[in-house]
Amino acid sequence: MIVYEGKAVFEGIAIGKLSVYKKNEETVKREKVEDVEAEIARYTSAREEAVAQLQALYEKAVKEVGEASAEIFEAHQMMVDDDDFVESVESIIRTQEVNAEYAVAETGDNFKKMFEEMEDEYFRGRAADIKDISERIVRILQGNGGEGIDSEEPVIVVADDLAPSETVQMDKDKILSFVTVHGSANSHTSILAKTMNIPAVITCPIPLTDEVDGKEAVVDGFEGKVYVEPTPEVLAEKQKLLQTELEKKALLEELKGKENVTLDGQKINLYANIGNTKDLGLVVKNDAGGIGLFRSEFIYLGSSDYPTEDEQFAIYKQVAETLAGKKVIIRTLDIGADKQADYFQLPAEENPAMGLRAIRICLTRPEVFKTQLRAILRASAFGKVSIMFPMIISVDEVKEIQGILAEVKAELDDEGIAYDKNIETGIMIETPASVIMAEELAKEVDFFSIGTNDLTQYTLAIDRQNQSLDKFYDSHHPAILKMLKMVVDAAHKYGKWAGICGELGADLSLTKEFLAMGFDELSVSPGRILPIRKIVRETDVSAYKAGK
């Protein structure tokens, strides 16, 4: 048995096989070949395998996100078999007598540059698709045809770290736990683990080699330890802990259908944070009262090009209909910083956390913003949808947003397209500026939702992605708690509601404090709904305040 120790970011026990995550970063070398026709046959076989993979992805996507959003995989199938692309690859193999991997990569680069230089925006957007299909064929040729998790059974995913664009494409049903060599407690891997209610350990020095891949292991999300090939004694001890956890969850199940009301009658809404439609089952399973944060950026991160209005509409509509009249708060595009999509071609920045991101991208690229707003508004005809704007720092920004929203509504009116005329709009409070301006901002919007992750990093001047600063990162800092109280008081002064959608909202040690502050809503990972409900129902807020 070998024990690796890291930092636990979500408690729990996972027992299963380790699966080293494939990053799909393959080096392509130029090699001379003797048999040109055999090399072309290799390429043809790889091309056929790529089409088969894309067809499987299309069928999976149709079930999970609808036909409109799955069309990208159909388009990729056609591009794999495009005559010009195929002829270029075969020509390079024959004339230069080189390996198929090099010919595909070279053709991909050439076609990508050609598309990038075109004036038409649609064709420029195809450059990312060319890159995607050429990399897929190269992976197959190099014997790495699979992507991500290569297992039929649920596994413990081991990786160096995981980007949002990687986690969004994972089959969540096959994940027992996350273990990463790097990452921080506020990384998207950690957030995803909390959403899925599975144990996770970060900064764990586990080797990412074939020697580890496939071995039996235990992840202890309480201790922050990973036991590779555990002894029978350790395995028995952890199985007992796992059984205890299952029994606790069974007790929490009894809270389903119960009100979120304190002993002295104070009510609070408990909503769920999700990143895509795959999480809807978790929302329903955990009896959330609605969705307090739908992270729409994951639609963009999971795409190789800007998602169209219809693609987004299909997803938002599915979420609204599934929630059947319960509130769904859709946060507009929050890309940038650690969430990057190549096709946005964002400039490299020395300090991206404070750079071109979130609402700043939307206001500088109004055509992208309007497309999303049209999709959200159209979906509002099918459920109780609200819109939330991230990274706000001023009243002027809110007024500019309202002007764009009014333009989009006027367009839909002219086209006779239905939407909720009284759709609720709110902002995320995640900058010190928005806290200080909370009273002025409350006059302009319907609600506040505090993003504690960014608010903490900006207030404490600590990059939340920098794991070497974890010891200084204090989400319970008195300054943060004072800010939360300022925000909820400002909202209530003008008759608006206030909630928390950041990770701090799920901190069970602060639930009573949030009730005492007067928060109207907490939006948390689905698996946290019932544990928080338990505390709410057992709390006498008046007595808690008196005892402070």
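In this predicted model, a search that covers the whole structure returns zero disulfides. Cys 362 takes part in no such bond, and the nearest cysteine sulfur to it, which belongs to Cys 501, is 16 Å away. Because a disulfide calls for a pair of cysteine sulfur atoms within 2.5 Å, a separation of 16 Å leaves Cys 362 outside that criterion. Seen from the other side, Cys 501 is likewise in no disulfide, and the cysteine sulfur nearest to it is that of Cys 362, at 16 Å.

The surroundings of these two cysteines can be described through their accessibility. Cys 362 has a relative accessible area of 1% and is therefore buried, and Cys 501, with a relative accessible area of 3%, is buried as well.

The backbone offers a second topic, namely positive phi values in residues other than glycine. Ala 324 has a phi near 45°, which is positive although the residue is not a glycine, and its place in the chain is the loop that runs between helix H11 (309-322) and strand E11 (327-331). Because its relative accessibility is 63%, Ala 324 counts as exposed.

Ala 358 also carries a positive phi, of about 50°, without being a glycine, and this residue lies in the loop between E11 and helix H12 (359-364). Is Ala 358 buried or exposed? Its relative accessibility is 0%, so Ala 358 counts as buried, whereas Ala 324, at 63%, counts as exposed. The two alanines thus share a positive phi, while strand E11 borders the loop of Ala 324 and also the loop of Ala 358.

Note on methods:
Residues are numbered from 1 along each chain as its sequence is written. This is a predicted model: local features need pLDDT of at least 70, side-chain atom pairs count only at pLDDT 80 or more; totals for chains, interfaces and linings use all residues. Side-chain values use heavy atoms; hydrogens and water are left out. Helices (H or I, at least four residues) and strands (E, at least two) are DSSP runs, numbered from the N terminus. Buried means under 20% relative accessible area, exposed over 50%, partly exposed in between (1.4 Å probe, protein chains only).
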